[in-house]
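User: I would like to learn how to read the features of a model such as this one, beginning with its strands and ending with its backbone geometry. Could you take me through them one by one?

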Amino acid sequence: MKTTDSTEQTIEPRQALAESLAEAVAAALREDLEHQSRATLIVSGGSTPVPFFKALSQKRLEWSRVDVTLADERWVDEAHDDSNTRLVRTHLIANEAATALFHPLVNDADTPEAGVDALEQQVGELHWPASVVILGMGGDGHTASLFPDSPELEHGLTTTRRLLAAHAPSVTQARMSFSRQALLDSRRRYVHVTGMDKRRVFSTAFSSDDARELPIRAFMTEPLSLYWAP
Ligand SMILES: O=C1O[C@H](COP(=O)(O)O)[C@@H](O)[C@H](O)[C@H]1O
């Protein structure tokens, strides 16, 4: 399916979605920067956000007053293919957004358990509530690194700390993740997902409130906007 813009060019739905989300996020950051000195933007990693990052990086706003961090990160070196830090640095902290201050969710510690306290202190110094949180979602209903099969899920859904070290049998790498409470400490939340499979998962999520089964349910509270394309 393709849509057409006012200049009669065809735009892929996922590209149109990315552009529309970038417009909304840029407007939100501009609005908050009118009445606060800095604004916090929390983005997700994975494959879905790349076109969104590229679109957002082109938006004009006072990026030097924006702190960007990730909803979660794999505990890998930045050179690793799975590094969300690398993804953000490559596609978002560029163009107009090159002056944004990026705060990786990984440090030199050997494990996320060893690194979490230092990162907790660093993210605590950001401006809260965050202006915008963008959540991705996996086919198993996980969001950030709150996985249904994770031994740390209950902790992630209930702790008042902002960060947690997380593991799950379904994924290979250890993770660092924002907790539910920290992600809800935000003015605006957007879920950015694509494809029919994820749409079905999101629809199923409305049928119950058991976040242990589908962690995305823990975020189905106002204000939440769904950005979806086929
Ligand atoms: O593992 C992760 O997966 C989800 C979704 O990723 P995608 O590749 O299907 O877009 C992502 O939101 C999360 O941040 C990431 O660590």
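Analyst: Two strands are said to pair if DSSP finds at least two bridges between them, and the strands (E, at least two residues) and helices (H or I, at least four residues) are themselves DSSP runs, numbered from the N terminus. Here three bridges join strand E4 to strand E6 (residues 101-103), and these two strands run parallel. In this pairing, Thr-69 has His-103 of E6 as its bridge partner. Please keep in mind that this is a predicted model, in which local features need pLDDT of at least 70, side-chain atom pairs count only at pLDDT 80 or more, and totals for chains, interfaces and linings use all residues. Residues are numbered from 1 along each chain as its sequence is written.

User: With which strand does E4 pair over five bridges?

Analyst: That partner is strand E3 (residues 39-43), which pairs with E4 in the parallel sense, and within this pairing Val-43 stands opposite Leu-70 of E4. The chain passes from E3 through helix H2 (residues 50-57) to E4 in a right-handed β-α-β crossover; right-handed means that, with the strands pointing away from the viewer, the path from the first strand over the helix to the second runs clockwise.

User: Which helix does the chain cross through between E10 and E11?

Analyst: Strand E10 (residues 186-194) pairs with strand E11 (residues 224-229) in the parallel sense over six bridges, and the chain crosses from E10 to E11 through helix H7 (residues 196-205), a β-α-β crossover that is right-handed. One of the bridge partners in E11 is Ala-229, which is matched with Thr-194.

User: How should I read the covering of a strand, and is E8 covered on its faces or open?

Analyst: In a regular strand the side chains alternate between the two faces of the sheet. A residue is called buried if 20 or more other C-beta atoms lie within 10 Å of its own, exposed if 12 or fewer do, and partly exposed in between, with C-beta atoms placed from the backbone. In strand E8 (residues 163-166) both faces are covered, since Leu-163 and Ala-165 on one side and Leu-164 and Ala-166 on the other are all buried. E8 is joined by four bridges to strand E9 (residues 175-178), and these two run antiparallel, with Ala-165 partnered by Met-176 of E9. Strand E4 (residues 66-70) is mostly covered, four of its five residues being buried.

User: Which residues touch the most other members of the largest nonpolar core?

Analyst: A nonpolar core is a set of buried Ala, Val, Leu, Ile, Met, Phe, Trp, Tyr and Cys residues joined through C-beta atoms within 7 Å. The largest one here holds 59 residues, of which Ile-42, Val-43 and Ala-71 touch the most other members, and helix H1 (residues 13-33) supplies the largest share of this core, six residues. Contact between two residues likewise means that their C-beta atoms, placed from the backbone, lie within 7 Å. Leaving aside neighbours within four places in sequence, Ala-71 is in contact with residues including Ile-42, Val-43, Leu-135, Ala-144 and Phe-178.

User: Which residues surround the ligand?

Analyst: A residue is near a molecule if its C-beta atom, placed from the backbone, lies within 6 Å of it. The ligand is surrounded by Ser-44, Gly-45, Gly-46, Ser-47, Thr-48, Ala-71, Asp-72, Gly-136, Gly-138 and Ser-145, a shell that divides into one nonpolar, eight polar and one charged residue.

User: Where do the cis peptide bonds and positive phi values fall, and is Ala-144 buried or exposed?

Analyst: One cis peptide bond joins Trp-128 and Pro-129, with omega about 0°, and Pro-129 is found in the loop between helix H4 (112-124) and strand E7 (130-135). Another joins Glu-222 and Pro-223, with omega about -5°, and Pro-223 lies in the loop between H7 and E11. Ala-144, although not a glycine, has a positive phi of about 45°, and this residue counts as buried because 32 other C-beta atoms lie within 10 Å. Asn-95, also other than glycine, has a positive phi near 50°, yet is partly exposed, with 14 other C-beta atoms within 10 Å.

Definitions and conventions. Nonpolar A, V, L, I, M, F, W, Y, C, P; charged D, E, K, R; others polar.
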